[in-house]
Amino acid sequence: MAAWGDRLAGVRGVLLDISGVLYDSGEGGGVPIAGSVEAVARLKRSQLKVRFCTNESQKSRGELVALLRRLGFDISQEEVTAPAPATCQVLKERGLRPHLLVHDGVRSEFDQIEQSNPNCVVMADAGESFSYQNMNKAFQTLMELESPVLISLGKGRYYKETSGLMLDVGAYMKALEYACGIEAEVVGKPSPEFFKSALQAMGVEAHQAIMIGDDIVGDVGGAQRCGMRALQVRTGKFRPSDEYHPEVKADGYVDNLAEAVDLLLQHADK
């Protein structure tokens with residue numbers, strides 16, 4: 001690999017994944033990953049622009065930010081690009097009325113959206129609500145539509161909580177795709193539109209930005225396809241095999257966010 005100075009030159013904006021990079025969720029809300037609270041603070045004191053880009057879909061954006069603030073992070077709702085608000089925008093623009101297969105914690109994000117006589121299904125990381133009954137109801141709703149529309153908030157395979165790895169929405173999304181013979185629309189990483197909206201909010205071009213995440217496909221691969229650079233942290237859902245992924249190679253691998261920030265503050269925007 002090229003020297004860090006070459007790999008990080010010209011970076012003006014940093015996109016940070018949240019789960020697995022800032023903290024691991026779990027009992028009592030979760031725990032910060034060692035060094036991450038101070039790493040975010042250091043980034044924010046620097047000349048670099050910072051934005052948070054998450055596929056979190058078990059909590060509303062407000063609840064997520066409140067939790068992170070309790071854990072010690074300097075973060076506000078306006079700095080977070082999240083899939084539920086983006087999905088609501090899509091629903092309004094297209095006149096879609098969703099049947100919701102989502103976690104109760106994120107349902108409030110859809111309070112202003114008409115949901116009677118649904119003409120699409122919106123699914124997110126529903127956790128325990130991914131029962132046979134609820135999956136089958138979503139399946140039946142789609143099959144009754146002449147032109148079925150399935151919107152998924154992200155398509156992650158799994159994520160890490162303090163108690164271990166947890167199945168994510170992508171596994172259930174694939175089940176509905178297969179059963180209905182359709183392809184879901186993804187709002188969230190790795191969707192290019194989602195990354196572009198985060199870049200626009202941050203006010204930097206793709207070639208001036210770097211993504212830091214724990215997901216080799218959703219974070220790293222998605223960002224690189226948009227023209228960004230991307231680092232993978234060896235925290236959260238990281239697996240050693242990620243460094244030998246057959247299709248995606250990060251611009252660098254770091255032990256944690258703290259190491260990434262050390263390198264960025266040393267080499268970026270040069």
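This passage goes through the sheet, the hairpin, the pockets and the cavity of a predicted model.

The sheet is a good place to start. Six strands make up an open sheet, and reading across it gives the order β5-β4-β1-β12-β13-β14, with parallel pairing. At the edges sit β5 (80-81) and β14 (252-254), each of which pairs on one side only. Further in, β12 (residues 209-213) pairs with β13 (residues 229-233) in the parallel sense, and 4 bridges hold that pairing. One spot to look at along this pair is Met-211, which stands opposite Ala-230 in β13.

Two helices that pack on the sheet come next. The helix α7 touches β1 (13-16), β4 (49-53), β5 and β12, and its direction makes about 150° with that of β4. The helix α8 also packs on the sheet, but its contacts are with β12, β13 and β14. Taken against β13, the direction of α8 comes out at about 165°. Strand β12 thus turns up in both lists, touched by α7 and by α8.

Away from those strands, β9 and β10 run antiparallel and are joined by 4 bridges. The connection between β9 and β10 is a hairpin, with 2 residues linking the strands. Within this pair, Lys-160 has Leu-165 of β10 as its bridge partner.

The hairpin strands come back in the description of the largest pocket, whose volume is about 960 Å³. Its lining runs to 48 residues, and those closest to the pocket centre are Asp-125, Tyr-158, Tyr-159, Asp-168 and Val-169. Four elements, β9 (158-161), β10 (164-167), α6 (169-180) and α8 (216-225), each put at least two residues into this lining. The largest share belongs to α6, with 6 residues. Helix α8 therefore has two roles here, as a helix packed on the sheet and as a contributor to the wall of the largest pocket. Sorted by class, the lining of the largest pocket has 18 charged, 16 polar and 14 nonpolar residues.

The second largest pocket has a volume of about 190 Å³. Its lining includes Ala-86, Gln-89, Val-90 and Arg-94, along with Glu-185, Val-186, Val-187 and Gly-188. Ser-191, Glu-193, Phe-194 and Ser-197 line this pocket too. The elements that each give at least two residues are α4 (83-94), β11 (185-187) and α7 (192-202). The largest share, 4 residues, comes from α4. Helix α7, already met as a helix that packs on the sheet, is thus part of the lining here as well. The class split for the second largest pocket is 5 nonpolar, 4 polar and 3 charged residues.

Finally, there is the enclosed space. The structure holds 1 cavity of 30 Å³ or more, and the largest cavity takes in about 30 Å³. Glu-56, Lys-59, Ser-60, Arg-61 and Leu-64 are among the residues that line the largest cavity. Its lining also includes Ala-82, Pro-83, Ala-84, Pro-85 and Glu-109. Both α3 (61-70) and α4 supply at least two residues each, and α4 gives the most, with 3. That puts α4 at the top of the contributions to the largest cavity and to the second largest pocket. By class, the cavity lining has 5 nonpolar, 4 charged and 1 polar residue.

Terms used:
Residues are numbered from 1 along each chain as its sequence is written. This is a predicted model: local features need pLDDT of at least 70, side-chain atom pairs count only at pLDDT 80 or more; totals for chains, interfaces and linings use all residues. Side-chain values use heavy atoms; hydrogens and water are left out. On a 1 Å grid over the protein atoms alone, a cavity is a set of points where a 1.4 Å probe fits but cannot get out, and a pocket is an open set with protein on both sides within 12 Å along at least five of seven lines; lining residues have an atom within 4 Å of a point. Grid points are joined across faces, edges and corners, and a volume is the space filled by probe spheres set on the points. Ala, Val, Leu, Ile, Met, Phe, Trp, Tyr, Cys and Pro count as nonpolar, Asp, Glu, Lys and Arg as charged, and the others, Gly among them, as polar. Two strands pair if DSSP finds at least two bridges between them. Contact means heavy atoms within 4.5 Å. Axes are lines fitted to C-alpha atoms, for helices over the stretch in contact, and angles run from 0 to 180 degrees between N-to-C directions.
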